[in-house]
Amino acid sequence: MAYLFSNIWRCLCMRNRAALNVVQTASYHANVIDHYENPRNVGSLDKKDRNVGTGLVGAPACGDVMKLQIKVDDDGKIIDAKFKTFGCGSAIASSSLATEWVKGKTVDEALKLKNTDIAKELSLPPVKLHCSMLAEDAIKAALSDYRIKQQEADKK
Amino acid sequence: MLTQRLFWYLSIIKTKQQIRYLSCWSCGNNITTMVSNLFCSNCKVLQRPDKSENYFKVLGVKETYDLDESELSMKYKELQKYLHPDKYANRNKEEQEISAQYSSLVNDAYKTLLEPLTRGIYMLRLRGKEIPENTQLDQEFLFKIMEKNEEVENADTEEEIMRLDKENKAVIKDLQKQLSTAFFDGDLKRVLHLLSHMKYYTSIDNQIQTAIRNKGIFR
């Protein structure tokens, strides 16, 4: 029983998706489940590519880690985004949605993305707001990594 | 005049509450003569749990991070022998309610203190601190955690999973040791740091345990 309970509420790792979606559907909003079951843009981009920015963030309160990468073309437009998250359904859904939203935006537009928009789209409850915050911080970290890389490349 | 009377009534209610608190709720016997503070020595009725007591006091174990787990479970079972609601099926409703309330408190206390992570978080809370909700950016550490998670995700053979399980358990054990020292020194900053690391490794442990279950590995 304790095991079941912890699986409904606590962090679920990505690999058990198929085995656990039966108990899951009871507590998450449909949008969260959609992103959780069919996550968009899972994967990695080449970290060393100068057009790729990588954001790696963690939530010490729940032990989640999130990696979000963006690929920017020469006009400053984000042409690709990938993520990898080990954490709860809300964290996975938040990062999945974030990659979907930043694609096609410019770097400056992407900076304006707010966690509250993510939370609203996914109807996250107050206890899960920090998951959307984590996604926002991941985007910011990826963008700042990209900027630093560009500045260093310009110096050379 | 009216306010004076109201005040008088209030003071009566207040003293009544105090009297009730100091004596058995059922027969009114003075609490100081009570045996082991679970039951009234006079009418043998179960007493309410003391809300001001922390989980260590509830279970009657020493308040320390490295507590003896076998002693903890012994105390827990001993208490439930007296408190379990099944024992109160023939008693009056109020005593049944107290038993349910007390026994669930003892369950919570036991569950919290048994696990090294939840025990640490609880002790931190007793000292007025929580693990912060903000985002962590320690790149080197997060990279390590990400890698470990990926390794667990990609492990297919029983041998590999069991190796990862052993390694991860050793990391948690080591953190536990460090936490014990940090609590002993009263170094709350270090406690906070160690607990947040332990949280990540406990998440990995959960992932490993589900992998073990999904693969049907028996130990």
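A residue is called buried when its relative accessible area is under 20%, exposed when that value is over 50%, and partly exposed in between, with a 1.4 Å probe and protein chains only. The structure is a predicted model, in which local features need pLDDT of at least 70 and side-chain atom pairs count only at pLDDT 80 or more, whereas totals for chains, interfaces and linings use all residues. Residues are numbered from 1 along each chain as its sequence is written, chains are lettered from A and ligands numbered from 1 in the order in which they are written, and side-chain values use heavy atoms, with hydrogens and water left out.

For the complex, the predictor gives an ipTM of 0.74 and a pTM of 0.76. The average pLDDT of chain B, where pLDDT is the predictor's confidence in each residue from 0 to 100, is 84, and 84% of the residues score at least 70. Residues 12-21 of chain B, however, have a pLDDT below 50, and this stretch has four contacts (heavy atoms within 4.5 Å) in the model beyond near neighbours in sequence.

Chain B contains eight helices and zero strands, these being DSSP runs numbered from the N terminus (helices: H or I, at least four residues; strands: E, at least two). Of the 219 residues in chain B, 40% are buried, and among contacts between residues at least 6 apart in sequence, 60% join residues at least 24 apart.

Helix α4, which spans residues 93-114 of chain B, includes B:Ser99. B:Ser99 counts as buried because its relative accessibility is 0%. Leaving aside residues up to four places away in sequence, B:Ser99 touches B:Leu46, B:Leu83, B:His84, B:Pro85 and B:Tyr88.
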